[in-house]
Amino acid sequence: MINNHFPTVSGVLVVLAALGTAADRGAMAAPAHIPEVPPVASPGNTAEAEAILGAKLLVCNTCHGGNGVPRSGVTPIIWGLQENYLAKQLNDFHSGDRDSDVMTWMATFFSQAELVPTAAYFAKKNWPARSAGAAAAAASPPAGVVVCQACHQQNLVGGLAAPRLAGQTYEYLIESMRRYADGERTNNPIMMAMMKSISPAEREAMARYISGL
Ligand code: HEC
Ligand code: HEC
């Protein structure tokens, strides 16, 4: 009996380890399927190093999409996001400053030393073109969006000060704005304060408009 059930139990443990929070995982042994040490590039061969990292990062496509278009709206577009922003987020997932069950676990796929090359890898890719069926931008921007441009730049295309928002998925935008407002995403105090100061209806109008840009 015990033998018959063992595969199910260990399967569940693997899933729990995959979904578990950092705290849950702390109580468990390291999951057995954490990736092996990658092959090592010849010293000085950056093209080879990039190819090795690229192969390792194929796992990201499962959710973020092999062509830069995420498989579901709750998953953000990461292709073409600002490099400094990507590096900060990966670092925040790694350290736990930004809480996300799936991305905290994903961050274990790369070492601290690979965070910046990973950010550079995705930043160099092109932001995906809008699909024909995507919602068109609202005719006029909701009041308040002008404030966002101070950091997110004109048309919210992003820059050094703040990431691109234009054309990001609606579901991800509305959820990340809510998470700042409700104190669930705590890795930027200014964004938290700003999102707390506007109503859910205003956030909804902004997310709708920004995703259509
Ligand atoms: C199982 C699905 C899944 C996989 C696989 C995955 N991600 Fe994510 N990723 C998400 C989701 C969902 C979010 C949004 C998390 C949140 O807001 O809390 C996210 C967020 C991110 C963000 C933040 C983007 C932003 O706009 O703030 C980055 C960067 C990122 N992922 C990079 C990666 C990298 C690099 C890999 C591969 C090592 C990867 N992801 C693999 C689902 C996934
Ligand atoms: C004072 C500068 C500043 C202003 C003004 C500002 N933001 Fe931000 N915003 C940031 C920074 C910096 C980040 C990245 C925070 C981090 O490290 O996670 C950010 C992140 C975000 C994110 C998360 C992006 C992602 O990919 O996860 C959203 C959504 C967002 N801002 C929406 C807005 C909206 C809407 C407005 C206007 C109402 C606005 N912001 C105004 C600086 C600003």
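1. Helices (H or I, at least four residues) and strands (E, at least two) are DSSP runs, numbered from the N terminus. By this reading the protein chain comes to 11 helices and zero strands, and along the sequence the pattern is α-α-α-α-α-α-α-α-α-α-α.

2. Please keep in mind that this is a predicted model, in which local features need pLDDT of at least 70 and side-chain atom pairs count only at pLDDT 80 or more, while totals for chains, interfaces and linings use all residues. Residues are numbered from 1 along each chain as its sequence is written, and chains are lettered from A and ligands numbered from 1 in the order in which they are written.

3. Of the 213 residues in the protein chain, 17% are buried (20 or more other C-beta atoms within 10 Å of the residue's own, with C-beta atoms placed from the backbone). Among contacts (C-beta atoms, placed from the backbone, within 7 Å) with a separation of 6 or more, 65% join residues 24 or more positions apart.

4. Helix H5 covers residues 83-95, and its end C-alpha atoms are 18 Å apart, which agrees with the 18 Å that its 13 residues should span at 1.5 Å a residue (the expected span is 1.5 Å times one less than the number of residues). The buried residues of H5 are Leu86, Gln89, Leu90, Asp92 and Phe93. Seen down the axis, these residues fall within an arc of 160°, so they line one face of H5 (the arc is that of the directions from the helix axis to the C-beta atoms). What covers them includes helix H6 (101-106) and helix H7 (115-123), and just after H5, Gly96 takes a positive phi of about 90°.

5. The largest nonpolar core (a set of buried Ala, Val, Leu, Ile, Met, Phe, Trp, Tyr and Cys residues joined through C-beta atoms within 7 Å) has 12 residues in all, including Leu156, Met177 and Tyr209. H9 and helix H11 (200-211) each supply at least two residues of this core, and the largest share, five residues, comes from H9. A second, separate core of seven residues includes Leu81, Leu90, Phe93 and Ala107.

6. Around ligand 2 there are 20 residues, of which Cys148, Ala150, Cys151, Ala162 and Asn188 come nearest (a residue is near a molecule if its C-beta atom, placed from the backbone, lies within 6 Å of it). Helix H8 (145-152), helix H9 (170-181) and helix H10 (189-196) are the elements that give two or more residues to this shell, and H8 gives the most, with five residues.

Technical notes
Contact = placed C-beta atoms within 7 Å.
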